[in-house]
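Please work through the exercises below with the sequence and the structure open beside you. Each task is followed by a solution that goes step by step.

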Amino acid sequence: MVKIIEKIRDRRAKLRYRSNDSRQPSLHDCQLNFPGGNWYYSFEFFPPKTEAGLDNLLTRIDRMAQRLDPLFIDVTWGSDKTSARTMALASHAQKYLGVDVLLHLSCQGMTRDQLIRVLDQAKVLGIHNILALRGDPPKAKKHWQVGDVSGGECERAIDLVRLIRNTYGDYFGIAVAGHPEGHPSSTSPEDELDHLKEKMRAGADFIISQFVYDTERFLDFCYRCRDVGIQCPILPGIMPIQSYSSFTRMTQYCGVSVPDEIWKRLEPIKDDDEAVKEIGCSLAAEMCRQILADPIAKIDGVHFYTLNLERSATRILMQLGAVEVIVQQENIEEDHTLSQDGTVNSGLVDKIRTKSGRILPWRPSAMTGRSKMEQVRPINWANRPKSYVLRTEDWDEFPNGRWGDSTSPAFGELSNFSHYYSFSLGSEDDQRNMLGSNPTKSEDVYEVFALYIEGKIPHIPWCEATLQPESFLIQTKLAALNRAGFLTINSQPSVNAALSTHESFGWGGPGGYIYQKAYCECFCSPENMRCLVNMVKQNQSMNVYAVNNAGNCIQEGTELGGVTALTWGVFPNREILQPTIFDPRIFLVWAEEAFSLWTSMWSNLYDYDSDSFDLIETIRDTYYLCAIIDNDYISESNRPSLWEGILNASQWQL
């Protein structure tokens, strides 16, 4: 994880470089958020009060990080009762979800020793960014008043900024709050700006404003900041309107002014929450456009107060052109993705992806050491990336961008993973609804896998997210494979020199070309395993590796046993990058985990010795996990594809 201010500065430097030089950007350019070409955004979340709520929020943050790619997220600080969840949420997000975290820290009622303990814990967790706040007013008061202090040993946020800088030097990046309409404890707007300038001199790096709805007031605040010499990044706080009643309460409680024009647009629809949300998204997008376009304010980032909700932030970003809809070809006519007013249909969030591009085909960790060194991963954990990060989190070396000897650095033991990692399919009722309430024959299981491929089931135990956009091109063939008894859990089509900006296959920044070998990983019966072996024997470009739960291995093909590059990219002024590989030895490590999921996340749903329990256990104990690689990524157009070859082989066997 890096300091957010460094990411912002690096991003600005690269934008200036691009405007003055035609040379292609470096590998890490795409790590910076370039949604519209010249601005970035971030999201705020707060820790829920329950464990179930925390699990649900982590799933939502994961989805938003993957699809929307914020520059960072921030996590709010609550009472002592919620501080553990705050830390858990922040730690999990950066370690397993690959997103940089700005941790709120309030000095209200805290001693210096208590603050130091929190900061020490943040440092141990690898957190590098703090939003230094005075905090909420004491419980006996509704609002801060002129002259009020926090009640702790750091009376104001500036004291906390000084404490952090004096104790930790430059380890932490520090953000502070800005109040476009003035803080209640300030005596005047001039006093407010003087105090803000002092916070910057004390060591703060950038400013996030209180949420605003009056664009002119926010821009005036920025003008006044620039006039007094505050030249740091200022991020406007944008809070999407969720309902008329909550909007009214929130703005009145916080003393936030709302232009008459907004009230006029909301009044006719105030009893229709969905209409209010849509108007609210349009208003937010209009505000962002005006703020980002102002040449004097010099604003290049926006901070969204999400209220832990996903859809409104997504709608706003779509209207701003920061994200796009990736839709399966066969569904284009029926989806009607955008209405004429630019709003997005509520059912389409699953098919949305950022335009900012990916640095690599997989999302890198946000942990400092790992993000700088790790450039290669085995394909097997592509759909369970958090499990891979957890099992390799103790690795402190990534020679040549990857692990060393795969037989030497131990993948973490396969056990009951940390609570804050564990991926679940919801409650047991939810799991039975997805995986089947009473499967009694193999075809019932096959249908579950096919429904996942078709997007009718959101998850299966081996796949934490919905089908990736690159697999939309082979979706129909994958569904047919699953119904034929080849239970796919990982796949990618072949790609020959696709542009690195391609909406589905692109990564690594502009100016490059992407290549992939077709790959299919699936569970299949011994009978279907023989079909695959026969197919590979007749195709010199293919290899197959397989193992069953007892550890019996099958290999067929030419030049077996080596590490195979499955995805690589060619870019100007860079060596060839090969971020995704297949290693037969690591495949066996993954197989242990893959087979265990039949029990831990499926058969355990049913009564012991029931027909459903016995069915899942039988599949676990008799099926093979197979990995098929087609090394010929060029000639597929002149012969049956890998998927067609598997289907043809199984039908020939019948």
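**Exercise 1: a residue at the surface**

Locate Leu 309 among the elements of this predicted model, and decide whether Leu 309 is buried, partly exposed or exposed.

Solution. Leu 309 lies in the loop that connects strand S8 (301-305) with helix H11 (311-319). Its relative accessibility is 34%, and because buried means under 20% and exposed over 50%, Leu 309 counts as partly exposed. As a last step, look at the surroundings: together with Phe 46, Met 250 and Leu 307, Leu 309 makes a nonpolar surface patch of about 290 Å².

**Exercise 2: the nonpolar cores**

Find which residues have the most contacts inside the largest nonpolar core, and which helix gives the largest share of this core.

Solution. The largest nonpolar core has 105 residues, and Phe 43 and Tyr 213 are those with the most contacts inside it. Helix H10 (residues 273-293) supplies the largest share of this core, with 8 residues. A second core, separate from this one, has 71 residues, among them Met 434, Val 445, Tyr 452 and Phe 486. Returning to Phe 43, and leaving aside neighbours within four places in sequence, its contacts include Met 64, Leu 68, Phe 72, His 303 and Leu 317.

**Exercise 3: an open sheet**

Give the order of the strands in the open sheet of 5 strands, and state which are the edge strands.

Solution. The order is S11-S19-S18-S14-S13, with mixed pairing. Strand S11 (377-378) and strand S13 (495-499) are the edge strands, since each pairs on one side only. Further in, strand S14 (residues 513-516) and strand S18 (residues 564-570) run antiparallel and are joined by 4 bridges, and Tyr 513 stands opposite Val 570 in S18.

Terms used:
Residues are numbered from 1 along each chain as its sequence is written. This is a predicted model: local features need pLDDT of at least 70, side-chain atom pairs count only at pLDDT 80 or more; totals for chains, interfaces and linings use all residues. Side-chain values use heavy atoms; hydrogens and water are left out. A nonpolar core is a set of buried Ala, Val, Leu, Ile, Met, Phe, Trp, Tyr and Cys residues joined through side-chain atoms within 4.5 Å. Buried means under 20% relative accessible area, exposed over 50%, partly exposed in between (1.4 Å probe, protein chains only). Helices (H or I, at least four residues) and strands (E, at least two) are DSSP runs, numbered from the N terminus. Contact means heavy atoms within 4.5 Å. Patches are made of residues with over 30% relative accessible area and no salt bridge: like charges are joined within 9 Å, nonpolar side chains (Val, Leu, Ile, Met, Phe, Trp, Tyr) within 5 Å. Accessible areas come from the Shrake-Rupley method with a 1.4 Å probe; for residues, only the protein chains shown count as cover. A salt bridge is a side-chain nitrogen of Lys or Arg within 4 Å of a carboxyl oxygen of Asp or Glu. Two strands pair if DSSP finds at least two bridges between them.
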